[in-house]
Amino acid sequence: MLLPQVARMALFAAYSGPCVLLTTPERLEGYASSGVLGAPVSVNPGLNDWQERREHVVLDVNTALDLFPARPEDHALNLKVSQSYPRSELVERLERLGYEALHEEGEGVGYRLRGDTLELYPAGLNGGDLNGHIRAEFFGDDLDTLRHVQTGEATRKLHTFTLPPAEGYLSSVKWDATRLELLPGRVFLDSPEFFASSLGVLTDSLWGQLRSRMLAGGEVTSFGRAPLDLPDASTDLKVLGFYRARLSDLERDIREWQAAEYRVLLLVRHERTAGYLAHKLLGEGSDVPWLTLPRLEPGALGFLKAGGEGGFALESQKTVVLTEDLIYGFQGGSALRGKRLGGRPVTDALGLAVGDFLIHPEHGVGEFAGLETRTVLGVSRDYLNILYKKGARLYLPIEQLSVVRRHPGTTDDPPALSSLDKLDWARAKERARKSAEEVAGRLLVQYAARQVTPGIAFPSIPDWDEQIEKNFGFELTADQNTALRETFADQVKPHPMDRLVSGDVGFGKTEVALRAAHRVVGHGRQVAILVPTTLLAEQHSSTFTERFKDLPVRVEGLSRFTGDRQAKAILADLAAGKVDIIIGTHRLLSEDIRFGNLGMIIVDEEHRFGVGQKEKLRALSGLPELRGGLSETTEGKVELPGDARAVDVLSLSATPIPRTLYMSMVGLRDMSSIQSPPKGRRPIQTILAPFDPLTVRSAILSEIERGGKVFYIHDRVASIGARSLYLRGLVPEARIGVAHGRMNEDELEEIMLGFEEGAFDVMISTTIVETGLDIPEANTILIERADRLGLAQLYQLRGRVGRRSRDAYAYLFYPPRMTENAARRLWAIADLQDLGSGHLLAEKDMEIRGVGNILGEEQHGHVQAVSIDVYTELLAEAVARLKGETLAPPVTVSIDLPVNARLTPEYFAGAAEVGGGPASESAE
């Protein structure tokens, strides 16, 4: 039967007698609340609640096939008031579950028997939500009272209590059945066409069990396509069409149903939605007619707080059931609403999958063909199966995984596989080494030029240092301290500083820049801070002004928000040396900018500026240009253009562009990396999904109801007005503001200020908010057409949320079709959610886009042959040799013991190969 999810839920809830509903893990939550439709349910029952489970049981297909004890009632003790428990059998059962008799107070886990009173001290009680112990009082063998005795002797009466087994008990239990085999009654299958994506190789096992069940007389009902021979079922349920946020149509239909004496039941997820709909349907000021059970008088309208997708009318019972999905959605809810990736440590952006290209330092490029377990000399190990040219294979022990690295080649642009019986790899590495030495020689000229260019030294100013540290309201992280030490060390050197500070959004790069700037100003020099957006210029102006308010420092901002008369006055004072710190956008690169005594340039969001803009900056700073501006005599000495003293340059970026990162990696540019997050910061949960109106609505309302705010990114000024109207129809409960770069400064400033102060719940904007906006309450961001944006943009936008210790969410929406590079960018940003991963993301960007053309030298062929990792390593070695640095060979340690060194699949809970196993129950 192809019915909407809410109709499936109703049929399952209305079934009389025991029954089981199987669904996918992603859809489990939607059925967990089906008890509101009249049938209390148990969801994925384990050993602790097996005996107390309801007649209606909801299982996800993975849990249904998990290994489970064939007699679960033997592995927990269920105590129920008024039941009889013979004393000797009770004590024997307690000891069989691993509990020992206690003789003294506070001895720990166990039981104490005193006359007709039994006191239980379970293992999980004090460590869980409860505290204290359980007291059972008997009258003979009958359980008379059951109490939870809390700390301080406060008690609470219980009717039942299930005592779990003691720690270590489950390791001796035989796991020889599944929940599906043990549960009686009819089986309902929800969307079985999606089971394979959850079960993998266990799909055949599921259908085999269901066929056996049917042969034994069991009944199976499928809501969807299943490979079982099932009879067609008929029902008088009428499936309703979607309203697509047309509330006038909804209001008309409800009026007609009520006039025909239909009971109309609305299932809503959010109280704010219920209030809004009650106002629309029942009149202004009407209270929400909430229900605790789905029972209504004919012609009445009621609300239940519950999930569900779709809607239906049951004409024989004169009942209509509607959901938020039906009212605001455009299509049926899908079995998979998108991939949510939890914030977990990730060391490789794309992971290791079959088909990846790997590089072995001795054998070269091969294709990963999977893991294999092999027994050699009586020892079982896991081996990486790596395929080379002409079908040759290398089996590498898993403990040597660290010696291989991944080549960024793809199936569309694969590298040539190396040959194990020839010297292909050695020759390719030698060619790349010669290329690297040539490139290094030219790059070193630029490096040497900077080393001999006269600069300005800015030593410490103790009084100012103390003042600027005192008005910082947070504690510096370890990486911030390191970055500051390295920056200060550069500032006292006789040659100009050119340092990149790489760090995640909100990790404290600005504080490093501010403290570096105060030393320059303290020595009578000016600081220019170049930022990419007007909003960031405004925020930095506010921050620097506040921090320097107790010092004789003048801070000015220069952007399109600055009026012509004010800008003219600022420029005059800047040329006269009366402005100490100037903060501005690209306006600072204009021809009319003159400085009285410039000492330092700070470039924030360095990746946002192009080559031409950086050449202007270098001319402004007095540093030699990257191309041209240098000459080399026949003796190899560097000749500098002029003898002007160059100023310091400090660049800040969360995701450095490939060319900048590349030069930093090979030692041609100084870099500090801030990767440790501030205290309390949590990773941002990223959801990668096709665009779905219900996902948008649910994300916005969930954030609003917890008191937060939402960014909605629509990067098209021409259609942003139409998109705001669409959102107002989709989420009428929300207050929505619009911001984009073509607004005049007063209007834009008012919108942004209103959003910050709470005038709006949702800010729909272009990527203008990519940098500079810090709204602590904004902890959800939705990005349309994420495939059109670059990695750095996506990373910066995601960094608009999660800036405090609250869970934050980023939704990246993509179209049905997109390019391979776009897909790789999205998976890279979704996988790299660990805090401090911006630098890793920049390296991934370098793999996807390439490193650029350094000094006009084309390296693509060599990079393609040996990978960016190997080429960068060779170039770094060449640079170090030309600098005269001693290169110590890396130390390698190999430990080879004749023991089985592998974890079997049975060890892991929920492993697809075995369906879980004992480990999956150990937590229960």
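Good morning. I begin with valine 769, which lies in the loop between strand S38 (762–765) and strand S39 (778–783). Please keep in mind throughout that this is a predicted model. Is valine 769 buried or exposed? Its relative accessibility is 0%, and therefore valine 769 counts as buried. The cut-off for that word is a relative accessible area under 20%.

Which residues surround this side chain? Leaving aside residues up to four places away in sequence, valine 769 touches Phe711, Ile713, Met752, Leu797 and Arg800. One of these partners, leucine 797, is 28 residues away from valine 769 along the chain, and the C-alpha atoms of the two are separated by 7.4 Å.

I turn now to a sheet. Its five strands follow the order S2-S3-S1-S13-S14, the sheet is open, and the pairing is parallel. Which strands form the edges? They are strand S2 (41–43) and strand S14 (220–223), each of which pairs on one side only. From one strand to the next, the twist averages 20 degrees. As a general reminder, strands of a sheet pair through backbone hydrogen bonds, in either a parallel or an antiparallel manner.

At one edge of this sheet, S2 runs parallel to strand S3 (residues 56–60), and three bridges join the two. In one such pairing, valine 41 has histidine 56 of S3 as its bridge partner. Helix H1 (residues 5–14) packs on the sheet and touches strand S1 (19–23), S2, S3, strand S13 (186–190) and S14. The direction of H1 makes about 135 degrees with that of S3. Helix H7 (residues 203–215) also packs on the sheet, where it touches S1, S13 and S14. The direction of H7 makes about 145 degrees with that of S13.

Another strand that deserves attention is S16 (residues 263–268). How many of its six residues are buried? Five of them are, and the strand is thus mostly covered. S16 pairs in the parallel sense with strand S19 (residues 319–323) over five bridges; there, arginine 263 stands opposite threonine 319. S16 also pairs in the parallel sense with strand S17 (residues 301–305), again over five bridges, and in this pairing leucine 267 stands opposite leucine 304.

Finally, I come to two pairs of helices. In general, two packed helices are described by the angle between their axes and the distance between the axes.

The first pair is helix H8 (residues 247–259) and helix H9 (residues 271–282), whose axes come within 10 Å and cross at roughly 60 degrees. Because of that angle, H8 is oblique to H9. The crossing is right-handed. H8 contributes Leu247, Leu250, Glu251, Ile254 and Arg255 to the contact, while H9 contributes Tyr276, Leu277, Lys280 and Leu281. Sorted by class, the residues where H8 meets H9 are six nonpolar, no polar and three charged.

The second pair is helix H14 (residues 509–522) and helix H15 (residues 534–547). Their axes come within 12 Å and cross at roughly 50 degrees, so H14 is oblique to H15. H14 and H15 also cross in the right-handed sense. On the H14 side, Thr510, Glu511, Leu514 and Ala517 meet His540, Thr543, Phe544 and Arg547 of H15. Here the classes are three nonpolar, three polar and two charged residues.

Thank you for your attention.

How values were computed
Residues numbered from 1 in each chain as written. Predicted model: local features only at pLDDT ≥ 70, side-chain atom pairs only at ≥ 80, totals over all residues. Heavy atoms only, no water. Axes fitted to C-alpha atoms, helices over the stretch in contact; angles between N-to-C directions. Helix = DSSP H or I, 4+ residues; strand = E, 2+ residues; numbered from the N terminus. Parallel < 35°, antiparallel > 145°, perpendicular 65-115°, else oblique. Left-handed = near helix turned anticlockwise from the far one by under 90°. Contact = heavy atoms within 4.5 Å. Nonpolar A, V, L, I, M, F, W, Y, C, P; charged D, E, K, R; others polar. Pairing = 2+ DSSP bridges. Buried < 20%, exposed > 50% of the residue type's maximum accessible area, 1.4 Å probe, protein only.
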